[in-house]
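Dear colleague,

I am passing on the structure we spoke about, together with some notes on its backbone and its strands. Please read them with the coordinates open beside you.

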Amino acid sequence: MDYRNKKILAPMVRVGTLPLRLLAAEYGADITYGEEIVDHKIIKCERRINEHLGSTDFVEKGTESVVFRTCDQEKNRVVFQIGTSNAVRALTAAQLVCNDVAAVDINMGCPKAFSLSGGMGAALLSKPELISDILTTLRRNLSLPVTCKIRLLKSPHDTVELARRIEKTGVDAIAVHGRYVLDRPRDPAKWNGIADVVSALSIPVIANGDVFEYDDFQRIKSATGMFGHIPRLSLPNKRLGSSRHIVLLVLRR
């Protein structure tokens, strides 16, 4: 997986499913993230081949609920994002899907209450030892790329120091959402905070935040010096009418 100069579909809960990922790829997304899936959830699943759809399904035992669906068409571009707070569970989850995806990512940026209460997402930002344990465990035991996504910390120095610590675990790339944990989508993304990380690391940095349309790709690239960028693609409403809007309209992440 080469992360340099790529257009990347961001992970979106309840939205970043197989149909949208395939559509985004058709319109130019080089890498697509699946929605964040909590380790406890995927560990309860079994892998099944869906002959009718031509897909590989991870189905929760006892419920027949499809937790994650993928297919050969996206195998070389799809990233499986895990919500976790434990290295062993993260590895177990990753090993279940590792033969069907291109990379594994750990979500360290979600500010939602369900993530924070479970010690996942942005809760990990204050636990550098746990971050190192999770990422090092994955790198030592997986053959596919491992990445993570973070948010900005209280100071540029703190953000850079955490990013450097993450780099030392051997991850292949790091995504930086240019907002603080308490920021909301209406708050402007701090691209300069992403630039601080880019200048401090030698691994690819994926920029995330306030990419609204294709022209913004070049602007954020120039402003941060980053290698990749994660747009959050919008879904069309009834007035838009055309599926083409799915790739032309980009919302804040």
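In which segment is N5 found? In this predicted model, N5 belongs to the segment before β1, the strand of residues 6-9. Although N5 is not a glycine, its phi is positive, at about 55°, and because its relative accessibility is 47%, which lies between the limits of 20% and 50%, the residue counts as partly exposed.

A second non-glycine residue with a positive phi is R14, where the angle is about 70°. R14 sits in the loop between β1 and α1, the helix of residues 18-26, and with a relative accessible area of 73% R14 is exposed.

Further along the chain there is an open sheet of 3 strands, in the order β4-β5-β6 and with antiparallel pairing. Since β4 and β6 (65-70) stand at the edges and each has a single partner strand, one side of each is left without a neighbour in the sheet. From one strand to the next, the twist averages 30°.

As for the individual pairings, β4 (residues 45-50) and β5 (residues 55-60) run antiparallel and are joined by 6 bridges, and the bridge partner of E46 in β5 is V59. The hairpin that these two strands form has 4 residues between the strands, and G54 takes a positive phi near 70° there. On the other side of the pairing scheme, 5 bridges join β5 to β6, again in an antiparallel arrangement, and V59 stands opposite V66 in β6.

With best regards

Technical notes: Residues are numbered from 1 along each chain as its sequence is written. This is a predicted model: local features need pLDDT of at least 70, side-chain atom pairs count only at pLDDT 80 or more; totals for chains, interfaces and linings use all residues. Side-chain values use heavy atoms; hydrogens and water are left out. Two strands pair if DSSP finds at least two bridges between them. Axes are lines fitted to C-alpha atoms, for helices over the stretch in contact, and angles run from 0 to 180 degrees between N-to-C directions. Buried means under 20% relative accessible area, exposed over 50%, partly exposed in between (1.4 Å probe, protein chains only).
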